[in-house]
Amino acid sequence: GRHGAPSQQLPTSAAPSIQALTVDKNQTVYAGSFGMGIFRSDDRGRSWSSVNAGLGDLFVLVLAATPDGTVYAGTFQAGVFRSRDAGKSWQAINDGFKRLEVKALLIDDGVIYAGTGDGVYRLSEHETNWASVPKGLDDTLVHSLALAADQTLFAGTSGWGVFQRKAGASEWTRLSHGLVDHEGLVENFIRVLAMDREQALYAGTFDGGVFRSGDGGQTWRPISRALPNDSIRGIVTNEKGLFVATGRGIYKTINQGRQWVPLNKGLAELSVQVLTASGDGVLYAGTSAGVFRSDNDGESWENVSGGLHEPGE
């Protein structure tokens, strides 16, 4: 924005749709856009620079950072790219993939898991070849991944609900007790998975709301009957509550969904695509028109999209 202009009056229409966000250990923010590649901010969103050198696809679906600051990007048509120099350059790492649409990335203890159009793959930090996490998810589009403390891996799929793979197991198991909403419909399109510190698992669906499982996915119950919008785009859980990003804003519950409090003050674009927490009450929301930041657990938001619509330097 212009110097001294109030940031919330930036023209949001110029900002790209942000599908992916990650914040590294130094509080550097990376935003992945749909069509303009990746932007980096070193000042919590006050300014952004385009960081696309070597990035073979400007349609970015997911970002993840390792504790040492390596960043991984999953793209719509060109697989996974890795940057070891804070986004200055990107290298494709796709050996082993069958499909190059990558919707989910999860990093755990030096291992990267990728949810693709052909199930789940894994890669150790210093390898170059992805290995399929077999069997049972072939040709299945995986939208989201979550990992339990006991190393059980959960995959949210497009059309087939939630699968789990226990540590050391040779195959995926579809969780047969489905996600049944209050009208008796089974929700099989899973967009988001999240695990809280008590190891409860949350599933956000494309248009059927949020479900909670307290028993590792064996049984589920809908918790979003009082939520104004059922299209779930992001879930963050921390000691302050359960935060859910929807197609019509962000909401919080502290009582497992009995009440939802709207957290949309200053959120000028309510179509949220991704939500991430970076500690100390700071949240970032990627929307259909740029990035918003909250410094107070979502009580108010500031548009931090200045410079996002100017690719190049």
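Exposed, as used in these legends, means over 50% relative accessible area, while buried means under 20% and partly exposed is in between. The model in every view is predicted.

**View 1. Arg-197 and Glu-239 pair up through their side chains.** Their salt bridge has an N to O distance of 3.2 Å. Arg-197 sits in the loop between β17 (190-195) and β18 (201-205), and Glu-239 sits in the loop between β21 and β22 (241-246), so this pair ties together parts 42 residues apart in sequence. Buried or exposed: which word fits Arg-197 and Glu-239? Both of them are exposed.

**View 2. Asp-297 forms a salt bridge with Lys-240.** Here the closest N and O atoms are 2.9 Å apart. Asp-297 comes from the loop between β27 (290-294) and β28 (302-303), and Lys-240 from the loop between β21 and β22, so the contact ties together parts that lie 57 residues apart in sequence. Asp-297 counts as buried because its relative accessibility is 15%. Lys-240, with a relative accessible area of 39%, is partly exposed. Elsewhere, Arg-44, Arg-293, Asp-295 and Glu-302 are joined into one network by salt bridges that share partners.

**View 3. Asp-139 meets Arg-99 in another salt bridge.** The structure holds 11 salt bridges, and in this one the N to O distance is 3.0 Å. It links distant parts of the chain, 40 residues apart: Asp-139 is in the loop between β12 (131-132) and β13 (142-147), and Arg-99 is in the loop between β8 (91-92) and β9 (102-108). How do the two ends rate for accessibility? Asp-139 is partly exposed, at a relative accessible area of 47%. Arg-99 is partly exposed as well, at 34% relative accessibility.

**View 4. Asp-57 is a buried acid with no salt bridge.** Look for it in the loop between β4 (49-50) and β5 (60-65). Side chains of opposite charge can pair when their charged atoms come close. For Asp-57, though, the nearest side chain of opposite charge belongs to Lys-103, and that is 11 Å away. A salt bridge needs the nitrogen and the carboxyl oxygen within 4 Å, so Lys-103 does not qualify. What does the side chain of Asp-57 reach at 2.9 Å? The answer is the backbone nitrogen of Phe-59. Leaving aside residues up to four places away in sequence, Asp-57 also touches Thr-75, Phe-76, Gln-77, Ala-78 and Phe-81.

**View 5. Four strands make an open antiparallel sheet.** The order runs β1-β2-β3-β4. At the edges are β1 (18-23) and β4, each pairing on one side only. Inside the sheet, β2 (residues 29-33) and β3 (residues 38-41) pair in the antiparallel sense over four bridges. Which residue of β3 is the bridge partner of Val-29? That would be Ser-41.

**View 6. Ala-226 sits in a loop and touches residues far along the chain from it, including Gly-257.** The loop in question runs between β20 (221-222) and β21 (232-238). Ala-226 counts as partly exposed because its relative accessibility is 44%. Ala-226 and Gln-259 are 33 residues apart in sequence, yet their C-alpha atoms are 6.4 Å apart in space. Setting aside residues up to four places away in sequence, Ala-226 touches Gly-257, Arg-258 and Trp-260.

Key:
Residues numbered from 1 in each chain as written. Predicted model: local features only at pLDDT ≥ 70, side-chain atom pairs only at ≥ 80, totals over all residues. Heavy atoms only, no water. Helix = DSSP H or I, 4+ residues; strand = E, 2+ residues; numbered from the N terminus. Buried < 20%, exposed > 50% of the residue type's maximum accessible area, 1.4 Å probe, protein only. Lys, Arg positive; Asp, Glu negative; His and termini not counted. Polar contact = N/O pair within 3.5 Å; in protein donor to acceptor, adjacent residues only side chain to side chain. Contact = heavy atoms within 4.5 Å. Pairing = 2+ DSSP bridges.
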